[in-house]
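Here is a colleague's note, written as numbered points to be read with the model open beside it. Please take the points in order and look up each residue as it is named.

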Amino acid sequence: MADSSFDIVSKVDHQEADNALNQARKEVEQRYDFKGTGASIEWSGEAVLIKANSEERAKAVLDVFQSKLIKRGISLKSLESGEPQASGKEYRITSTIKDGISSENAKKISKIIRDEGPKSVKSQIQGDELRVQSKSRDDLQEVQRLLKAADLDVDLQFVNYR
């Protein structure tokens with residue numbers, strides 16, 4: 001019998017992220033505590049740009065955006081935000097949405113599988129994803145449980161299970 005396998009990926013549904021940003025923008029425009037503060041949130045290329053007239057307001061807009069991402073099923077591990085930076089009279093926060101598994105995170109995941117996973121399991125890095133193979137499907141499910149329990153700084157999904 002052929003080996004069973006699955007792929008470990010870290011992907012963000014960009015349509016859902018766009019929907020979350022639009023919902024956050026509407027809420028910021030309508031909320032009373034943001035009136036007259038110049039608070040805004042918008043796409044700036046691939047990044048999200050948050051502007052406000054004070055550091056606290058900028059952080060509050062970021063908080064609104066994070067809550068909308070959670071409601072849309074996007075993990076906050078996929079969002080990388082900087083600190084508020086003064087730019088003239090306003091404060092700006094630039095956030096990016098991470099897609100794919102970086103090579104150092106892929107190596108960490110591969111090491112966890114090697115060290116703590118069942119011995120029959122093999123993993124190999126393929127670009128920004130990992131392929132995990134084994135003869136036993138039970139071992140593959142054990143690897144999935146192991147990785148869900150591990151405290152990693154990336155949001156993982158398991159796809160192409162066959």
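1. Helices (H or I, at least four residues) and strands (E, at least two) are DSSP runs, numbered from the N terminus. With that in mind, Ala150 is found in the loop between helix 4 and strand 9. Residues themselves are numbered from 1 along each chain as its sequence is written. This is a predicted model, in which local features need pLDDT of at least 70, side-chain atom pairs count only at pLDDT 80 or more, and totals for chains, interfaces and linings use all residues, while side-chain values use heavy atoms and leave out hydrogens and water.

2. The first helix pair to examine is helix 1 (residues 14-30) with helix 2 (residues 55-71), whose axes come within 8 Å and cross at roughly 135 degrees. Helix 1 is therefore oblique to helix 2. Axes here are lines fitted to C-alpha atoms, for helices over the stretch in contact, and angles run from 0 to 180 degrees between N-to-C directions. Angles under 35 degrees count as roughly parallel, over 145 as roughly antiparallel, 65 to 115 as roughly perpendicular, and the rest as oblique. The crossing of helix 1 and helix 2 is right-handed, a word used when the near helix is turned clockwise from the far one by less than a right angle, with anticlockwise giving left-handed.

3. Which residues of helix 1 and helix 2 meet? From helix 1 they are Ala17, Ala20, Leu21, Gln23, Ala24, Glu27 and Val28, and from helix 2 they are Val61, Val64, Phe65, Lys68 and Leu69, where contact means heavy atoms within 4.5 Å. The residues of this contact between helix 1 and helix 2 divide into nine nonpolar, one polar and two charged. In this count Ala, Val, Leu, Ile, Met, Phe, Trp, Tyr, Cys and Pro are nonpolar, Asp, Glu, Lys and Arg are charged, and the others, Gly among them, are polar.

4. The largest nonpolar core has 22 residues, and those with the most contacts inside it are Ile41, Ile50, Val61 and Phe65. The elements that give two or more residues to this core are helix 1, strand 3 (47-52), helix 2 and strand 6 (90-97), and the largest share, six residues, comes from helix 2. A nonpolar core is a set of buried Ala, Val, Leu, Ile, Met, Phe, Trp, Tyr and Cys residues joined through side-chain atoms within 4.5 Å, and buried means under 20% relative accessible area, exposed over 50%, and partly exposed in between (1.4 Å probe, protein chains only). In soluble globular proteins, nonpolar side chains tend to be buried together.

5. Leaving aside neighbours within four places in sequence, Ile50 is in contact with Ser40, Ile41, Ala58, Val61, Leu62, Tyr91, Arg92 and Ile93. A second, separate core of 17 residues includes Ile112, Ile113, Val143 and Leu156.

6. Helix 3 (residues 103-116) and helix 4 (137-149) form another pair to inspect. Their axes are 11 Å apart and the packing angle is about 120 degrees, so helix 3 and helix 4 are oblique to each other. The crossing of helix 3 and helix 4 is right-handed. Ile109, Ile112, Ile113 and Glu116 of helix 3 make the contact with Val143, Leu146 and Leu147 of helix 4, and these residues divide into six nonpolar, no polar and one charged.

7. Is Asn105, in helix 3, buried or exposed? Asn105 is buried, with a relative accessible area of 10%. Not counting neighbours within four places in sequence, Asn105 is in contact with Asp153 and Val154.

8. The loop between helix 4 and strand 9 deserves a careful look. Ala150 counts as partly exposed at 22% relative accessibility. Asp153 also lies in this loop and counts as partly exposed at 43% relative accessibility. Beyond four places in sequence, Asp153 is in contact with Lys77, Lys98, Asn105 and Lys108. Asp155, in the loop between helix 4 and strand 9 (157-159), is partly exposed with a relative accessible area of 21%. Asp155 touches Val9, Ser10, Ser75, Lys77 and Ser78, not counting residues up to four places away in sequence.

9. A last point concerns the backbone of Asn160, which lies in the segment after strand 9. Phi of Asn160 is near 55 degrees, a positive value in a residue other than glycine. Most residues other than glycine have a negative phi. Asn160 is partly exposed, with a relative accessible area of 41%.
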